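This report covers ring contacts and the ligand site. Please keep the structure open while reading.

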Amino acid sequence: MALQYKQAAKVIDNVLKKKASIKTSIYQNNEIKNKKIILAIVSKTLANMNTIEDLLRDIKDFRTIKQKTMLMVMLNDYITNGKISGGGAIKSVILKNKEKIPILEKKQKEEETFKYYRLNTLRTKVFPSISNKVEPDEFIPNLYKLTPPLSLPIDTLLSQDKPSCFPAFILKPPENSICIDACAAPGNKTTHLATIMNNTGIIYAFDKDSKRAELLRTTVKNYQATNIEVICGDFLQSDIEDIRFENVTHILCDPSCSGSGILERH
Ligand SMILES: C[S@@+](CC[C@H](N)C(=O)[O-])C[C@H]1O[C@@H](n2cnc3c(N)ncnc32)[C@H](O)[C@@H]1O
């Protein structure tokens, strides 16, 4: 039985029993040498858990297997890649039942290779002509699903995950609003706010890290947004009496996080 399955199964056990997060289970275990591979296996297995649980329930032979988490990890490899590494009893049982196990649709695999790009409508209202397969998102205006690689570098298209587009979309400040982005660098959400406000009003964009604030300035300049004022400083130490903030109506706050909730961006 492949070592990577064993290590991934142990991590999943820890996570399901709420003993530790995915990252802690992987990064604090010195026995796991190839941490990125184990992280990918664990994330994919958890993402496919509904399909896997259906198989565990429906295929009788699986009920007799005691190492359930190991079975889940190996089943995940089979349904996503159509193969299983190593040997062993669990592999034999899976292969014995292979007619009953669907390999995930090719369409789903294509879906996973999509990337989201947001069109900078402050620079152009027209989607650039490219040869990639492009599909507009059903919720977020000006967000597109695109199959990479982009055929040419396009400065009007910004790579931005769909989940990270929701905060500005939901906050939706009207034109001419006075806003604060409390944790702004590198500026994906700040520039999204600027687009929603159609480059009107003002966004006070804070970042306490000087290097990241510089990166934010570059993003804002390239984006050609003129309604963003970058403030290099700690938002929590900002002066609430400052006259600039008197008429603020909207605040977006996206503080640093551990990233432990990100399962391959699902
Ligand atoms: C998750 S990132 C923000 C990503 C950004 N919203 C975007 O969409 O591109 C968090 C940022 O918040 C900054 N930050 C954390 N605490 C802060 C504070 N108290 N005041 C200002 N910036 C802060 C960090 O330096 C970091 O650049």
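## A charge over a ring

The model is predicted. In it, the charged end of Lys145 sits over the ring of Phe114. The distance to the ring centre is 5.0 Å.

## Aromatic pairs

The structure holds six aromatic pairs. One of them joins Phe127 and Tyr144. Their centres are 4.4 Å apart, and the planes make an angle of 55 degrees. The pair is tilted. Phe127 lies in the loop between strand S1 (115-119) and strand S2 (134-136). Tyr144 belongs to strand S3 (residues 143-146). The two residues are 17 residues apart, and their pair links distant parts of the chain. Tyr144 has a relative accessible area of 16%, so this residue is buried. Phe127 stands at 23% relative accessibility and therefore counts as partly exposed. The cut-off for buried is under 20%.

Phe139 and Phe166 form another pair. The ring centres are 6.4 Å apart and the planes meet at 55 degrees, so this pair is tilted. Centres must lie within 6.5 Å to pair. Phe139 is in the loop between S2 and S3, while Phe166 is in helix H9 (residues 166-171). The pair therefore ties together parts 27 residues apart in sequence. Both rings belong to partly exposed residues: Phe139 has a relative accessible area of 47%, and Phe166 has 26%.

## An aromatic cluster

Which residues form one aromatic cluster? They are Tyr204, Phe206, Phe235 and Phe245. Phe235 also appears among the closest residues around the ligand.

## The ligand shell

How many residues surround the ligand? The count is 19. The closest are Asp207, Arg212, Asp234, Phe235 and Asp254. By class, the shell divides into eight nonpolar, four polar and seven charged residues.

## Polar contacts and burial

Two aspartates face nitrogen atoms of the ligand. A polar side-chain atom of Asp234 lies 2.7 Å from a ligand nitrogen. For Asp254, a polar side-chain atom is 2.8 Å from a nitrogen atom of the ligand. Lys189 meets an oxygen atom of the ligand instead, with a polar side-chain atom at 3.0 Å.

How much of the ligand does the protein bury? Taken alone, the ligand exposes 610 Å². The protein buries 87% of that area.

Notes:
Residues are numbered from 1 along each chain as its sequence is written. This is a predicted model: local features need pLDDT of at least 70, side-chain atom pairs count only at pLDDT 80 or more; totals for chains, interfaces and linings use all residues. Side-chain values use heavy atoms; hydrogens and water are left out. A residue is near a molecule or strand if one of its heavy atoms lies within 4 Å of it. A polar contact is a pair of N or O atoms within 3.5 Å; within protein, one must be able to donate a hydrogen and the other to accept it, and residues adjacent in sequence count only if both atoms are side-chain atoms. Accessible areas come from the Shrake-Rupley method with a 1.4 Å probe; for residues, only the protein chains shown count as cover. Ala, Val, Leu, Ile, Met, Phe, Trp, Tyr, Cys and Pro count as nonpolar, Asp, Glu, Lys and Arg as charged, and the others, Gly among them, as polar. Rings of Phe, Tyr and Trp (its six-membered ring) pair if their centres lie within 6.5 Å; planes under 30 degrees apart count as stacked, over 60 as edge-to-face and the rest as tilted. Helices (H or I, at least four residues) and strands (E, at least two) are DSSP runs, numbered from the N terminus. Buried means under 20% relative accessible area, exposed over 50%, partly exposed in between (1.4 Å probe, protein chains only). A charge sits over a ring if NZ of Lys or CZ of Arg is within 6 Å of the ring centre and within 35 degrees of the ring normal.
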